[in-house]
Structure formats: structure tokens, C-alpha cells
Amino acid sequence: MYDFSTLVDRRGTTSSKWHMIEQDMGPGNEDVIALSVADMEFKPAPEIVDALVRSARNDIFGYDYATDGYFAALVGWMRRRHGLEVDPAWVSLSDGVMPAVNTALRAVTHPGDSVIVQSPAYPPFVAAARNNGLTLLDNTLVLGEDGRYVMDYDDLEAKASDPRCTAIMLCNPHNPVGRVWSADELRRIGDICIEHGVTILSDEIHADFEHPGHKVTMFSTLGERYAMHCMEFTAPTKTFNLAGLLCSNVIVPNPELKRAFDVAAENIAGLTVSHFGLVACQAAYEHAEPWLDELLHVLEGNLGVLREFAASLDGATLIEPEGTYLGWVDLRDLGFADADEMRAFMRDKARVYFDEGEIFGAAGCGFERVNLACPRPLLERALGQVADALAAR
């Protein structure tokens, strides 16, 4: 029904993902394939495009506010997709999840405090902590012999008990390792954090991407006790590839926490949402759900391609993702001397530009993050180039 096969050439456009190749490698590298930054190479849902075109033709682009229709669309989406009953009074808006996370940190921490991250960690989490004068406490995830990451709860308890620790940045589903944390795992995190007065900042931007058998649990669905200690960050931007339209939602059931967030936002003159972001989000949640359902099947097929690729290589192991549209591949047994050598090999020899695991911290060295949200022929070509380059190595 929808077009997930047309490859749109984004080289030479405003795409930061493709421009990054020229920035890092210089001109003359137009053949390098980008499977890096977490946006999609698919044409957008036509329902969203139609809404944007109507808006562009008929609207005046002055100062905006979120209408009752916008909140109804958000409430309906969260109820249908996640079983989360959202009161619009809990919702604050932002131009993006990371601006909102930074604002939340300023709301619940002070410079000199400590904040927990779980590496391999999304790099903007690390930057947010440092830029707000916070000390990072790394509750490193543990990769088990079964190829599945788990949390080190004893270490989490030790770090949360530090009186200077006031927040944790939780990623659910986890980027880059792809874990969908179970309700029991989230309750255990919640119990530790509540006991020690640590506010939970739950980045759930990938929550709409779950693989069969792995149901995403949004944190505040665990019950009121847990909901009162968290802020949840959601957006249509990953789900429908709308990052450039600047729209996200912060769900904060605790009125005191929400007031603190809103004050922190006001202190930087407010967090704004673009007019087209509001239009696109409402259209996506009201009309584009069938596009997402079809996309999820396409992504499962692409995951199968990556799975076969990893299985065909001695020294490569796919960490089976439970959520997100990202693959996390362990290449530590391929014999690269260090992260620099692997990065140079992938870009100069294989002609593929990944997000190398090293950017997610020391725990990510030797891994590659692979963006699966692209037409299958592009993915097959990129992985084929990697396989050929390795064979010739």
C-alpha cells in the first residue's frame, strides 16, 4: 500500500546524515553509503504530507499553541499503542526530546550533582550531563553469554545511593543495544531510584518500535507510585521520520515535577514547537497508523538481512534487537587493532558510514550501530560492500 522501496537521493540536500560524510571525509566520497544517524531513508507517510501541504496553502505561520485536537490525537495514540492514559494537563511540549531532557536536568539537578547513564550510552545523554555541570555515573550494561544485555542492579543501587545523585537518564527501548526493558526490570529500577530520591528521566522516543514478542512498557504505566517519580519523553519524530519538524511531548504526571520542568523551560524563554511540527504530529497520530504498521513489517525484513549478514561472517555477532530500528553488531573478533582502524576500514575500504560503537563510550568499542530504516536494496548493497571488503582484507 505504501512506498518503502523508492530510494530518495539525499546527497547534496540539507540532510545532516549524508552531509556528515563530506564533513568527515571530504569531497569525492559521494559513493559512501550512510547507515548512521537515526533517521529514515523512506518517503514520508502521504497522510502527513497532505496535512502539511494543506497547512502551507491555508495557514498563517504566527505564534502557535497546541489545540484540543492535538492533545486528543496524542491521548488516543498513547492509549491505542501503549495502554497509557494521558491527562493533557500532564503534557509539556518541546522542539525535541534532547532539549526537553536538558531542561529536565536543569529542573531536578544542580551543578555538581551526579546523574546516572547506562553505557553504551546515547552520546547526547553524556553531553547533556556535562553541559549542565553534572558528574556522570556509568551503570554499564552487562552483555551476557546469551548475547543479551542486562542491567547491573547492584551497581545501580550503589550509584543511586550516592547523596549527590539526583537523576537517571533511562533509554527505553535502549539505544544503541536495542533492549526493550520488561515491566519487572523497570519496576526494579523504579524501586531503587524512589528509595534514594533519584528522578527518572525516561527517553521513550523509540517506544513505537518493538519487535515481535517484546512489548514496550512505558514507565508511567507501572502505576502511580512510579509515575510520580518520572518524566517521559516521547515524539512522533522517530516513528514517522519528522525530526526536522521539531515536535516532542513531555509527559509528567507529578504536578510538582511538571511545574519544575515548566519553570526551567521558562528560564530559557520557553521551549517552542514548530507550526508544521504540530500539524504533522496530529496528522500522524490521527491518520498515519497504517503506514507505521506496514513499516514495522519492512523493518523486520531488513533485520533478517542484517541477521543473515552477521551469520555469514566469522567474528560477527548480531545482538538481537527487541526494539528500535537499529542493529547493534559485535565485530570485536574480526581482529581490528582499535576503533580507529575499524572506522577507517568501514569508510575507506567498505565505503559505508556507520555510527561506530566507540561514540557510545568504551563499552561500545568494537561494535557498529546499523540503521535499518532504508530501502532493502540499499541495505543489501552496503552490507555486501562490507562483506567484500572483509574478504579482500
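Helices (H or I, at least four residues) and strands (E, at least two) are taken here as DSSP runs, numbered from the N terminus. On this basis, residues 31-383 of the predicted model are 40% helix and 16% strand, and the end C-alpha atoms of the span lie 14 Å apart. The UniProt record, an unreviewed entry, places the feature "domain: Aminotransferase class I/classII large" at these residues, 31-383.

Seven strands form an open sheet with mixed pairing, in the order 2-10-9-8-7-3-4. Strand 2 (91-94) and strand 4 (135-138) occupy the edges, and because each has a single partner strand, one side of each is left without a neighbour in the sheet. From one strand to the next, the twist averages 25°.

The pairing at the two edges can be described in turn. Strand 2 pairs with strand 10 in the antiparallel sense over four bridges, and among the residues involved, Ser94 has Ser248 of strand 10 as its bridge partner. Strand 4, by contrast, pairs with strand 3 (residues 114-117) in the parallel sense, also over four bridges, with Leu136 of strand 4 serving as the bridge partner of Val115. Although strand 2 is an edge strand, both of its faces are covered, since Val91 and Leu93 on one side and Ser92 and Ser94 on the other are all buried.

Several helices pack against the sheet strands. Helix 3 (residues 68-82) lies across strand 2, strand 9 (230-234) and strand 10 (248-251), and runs at about 105° to strand 2. Helix 5 (residues 123-131) lies across strand 3, strand 4, strand 7 (165-171) and strand 8 (199-203), running at about 160° to strand 7.

Helix 6 (residues 153-160) has Tyr153, Leu156, Lys159 and Ala160 as its buried residues. These residues cover an arc of only 125° around the axis and therefore lie on the same side of helix 6. The elements that cover them include strand 3, strand 4 and strand 7, together with helix 7 (183-195). At the N-terminal end, helix 6 is capped by Asp152, a side-chain oxygen of which lies 3.3 Å from the backbone nitrogen of Asp154.

Two further buried positions were examined individually. Leu242, which lies in the loop between strand 9 and strand 10, has a relative accessibility of 7% and, because burial is assigned under 20%, counts as buried. Leaving aside neighbours within four places in sequence, Leu242 is in contact with Ile48, Pro236, Thr237 and Ala280. Leu242 and Cys281, which are 39 residues apart in sequence, are 8.3 Å apart in space, C-alpha to C-alpha.

The second position, Asp355, lies in strand 13 (residues 352-356) and is likewise buried, with a relative accessible area of 11%. The side chain of Asp355 is joined to that of Arg369 by a polar contact of 2.6 Å. When residues up to four places away in sequence are not counted, Asp355 touches Leu35, Ser36, Val37, Phe360, Glu368 and Arg369, so that Arg369 appears both among these contacts and as the partner in the polar contact.

Key: Residues numbered from 1 in each chain as written. Predicted model: local features only at pLDDT ≥ 70, side-chain atom pairs only at ≥ 80, totals over all residues. Heavy atoms only, no water. Pairing = 2+ DSSP bridges. Axes fitted to C-alpha atoms, helices over the stretch in contact; angles between N-to-C directions. Contact = heavy atoms within 4.5 Å. Buried < 20%, exposed > 50% of the residue type's maximum accessible area, 1.4 Å probe, protein only. Arc of directions from axis to C-beta. Polar contact = N/O pair within 3.5 Å; in protein donor to acceptor, adjacent residues only side chain to side chain. UniProt positions renumbered as here; feature names shortened; annotations may be inferred.
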